[in-house]
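Work through the exercises below with the coordinates loaded. Each task is followed by a stepwise solution.

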Amino acid sequence: MLIIDKLCYYSKLRYVNPTEKVLYCLLTLVLLIASRSVVMAIVILSLNYYLNVFKGGLNGKRYRVLLTWPLSFLIFGTIALFVNISKTTLDLYAIPIGSYFLTGSKIGMWKGFQLIMTAMASVSSLYFLSLNTTMPDIISVLKKWKLPKIFVELMMLIYRFIFILLNVAMNITTSQKSRLGYKNYRTSIKSFAGMLSALFINSLKRSGNLFDAMEARGYDGELRMIEEHYEQNSKTMLMIGLLGAVMLAVTIWIKVCGIIYI
């Protein structure tokens, strides 16, 4: 089982109505991307930290480690916005390198910072959903919202196969390591390629076995699962609605006024 799934089942918010959590996640994602506001991103980051750590019971250090993974990717992905190599200098800084300059602009720096903060706040909302809501509950919500059956069933099957293939990959890697398959760079590349090919063949075989098992149990084109019943909390829905109204008002204000630095 993935670490995020393990943490989800231990969360104190595990049995909160999943519809409320999915709505909160989608609402914050849409409005964060629409506004691209640094202030709004900081507010959502702080709110999600409070919900995950203080309300959900997640260890603060572990949550910060989870956030460093996408942060490191974002920093490397936005270097082009912070640093430019040009023959002309920009308004923020300029470091001469021969006949060129290592330079950057204020607007480029701010746009990069905006992008990182918006993406991190969006990731924190997705973490809130995945760390406090099980996949069966998310699938149940999508079914209630009448999403296409093929979309929901593909989610279920992909989720199932992630764990199957991870387990097979770990077993193959352990077997290779016991035979010194990773003793140097050359053998590591060869072993990794062998593991991928074996994993591909195994996935095809298991998918065929899964379909045969489903048909043997009366599969008629629709996957059915037991769904838990959750009480809807009107107070929570009101708070989500108020948060959405405030974020929407701020987004409209930013767009109408044409504000950049906020």
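Buried means under 20% relative accessible area, exposed over 50%, and partly exposed in between (1.4 Å probe, protein chains only). The model is predicted, so local features need pLDDT of at least 70 and side-chain atom pairs count only at pLDDT 80 or more, while totals for chains, interfaces and linings use all residues. Residues are numbered from 1 along each chain as its sequence is written, and side-chain values use heavy atoms, with hydrogens and water left out.

**Exercise 1.** Classify the ring pair of Tyr-24 and Phe-128.

Solution.
- Step 1. Rings of Phe, Tyr and Trp (its six-membered ring) pair if their centres lie within 6.5 Å; planes under 30 degrees apart count as stacked, over 60 as edge-to-face and the rest as tilted.
- Step 2. The centres of Tyr-24 and Phe-128 are 5.1 Å apart and the planes meet at 75°, so this pair is edge-to-face.
- Step 3. Tyr-24 belongs to helix α2 and Phe-128 to helix α6, 104 residues apart. Helices (H or I, at least four residues) are DSSP runs, numbered from the N terminus.
- Step 4. Tyr-24 and Phe-128 are both buried.

**Exercise 2.** Is Phe-54 buried or exposed? Treat its ring partner Tyr-49 in the same way.

Solution.
- Step 1. Tyr-49 and Phe-54 pair edge-to-face, with 6.3 Å from centre to centre and 65° between the planes.
- Step 2. Phe-54 has a relative accessible area of 55%, so Phe-54 is exposed.
- Step 3. Tyr-49, at 25% relative accessibility, is partly exposed.
- Step 4. Ring pairs join Tyr-49 and Phe-54 with Tyr-50, Tyr-63 and Tyr-127 in a cluster.

**Exercise 3.** Find which residues touch the most other members of the largest nonpolar core.

Solution.
- Step 1. A nonpolar core is a set of buried Ala, Val, Leu, Ile, Met, Phe, Trp, Tyr and Cys residues joined through side-chain atoms within 4.5 Å.
- Step 2. The largest has 30 residues, and Leu-32, Tyr-63, Leu-131 and Met-247 touch the most other members.
- Step 3. Helix α6 contributes the most to this core, nine residues.
- Step 4. Beyond neighbours within four places in sequence, Met-247 contacts (heavy atoms within 4.5 Å) Thr-28, Leu-31, Leu-32, Met-40 and Ile-44.

**Exercise 4.** Compare the expected and actual span of helix α9.

Solution.
- Step 1. The expected span is 1.5 Å times one less than the number of residues.
- Step 2. For the 32 residues of α9 (185-216) this gives 46 Å, and the end C-alpha atoms are 46 Å apart, which agrees.
- Step 3. Buried residues in α9 include Ser-188, Met-195 and Leu-199, and the buried residues of this helix pack against α8 (149-178).
- Step 4. Just after α9, Gly-218 has a positive phi of about 85°.

Conventions
Helix = DSSP H or I, 4+ residues; strand = E, 2+ residues; numbered from the N terminus.
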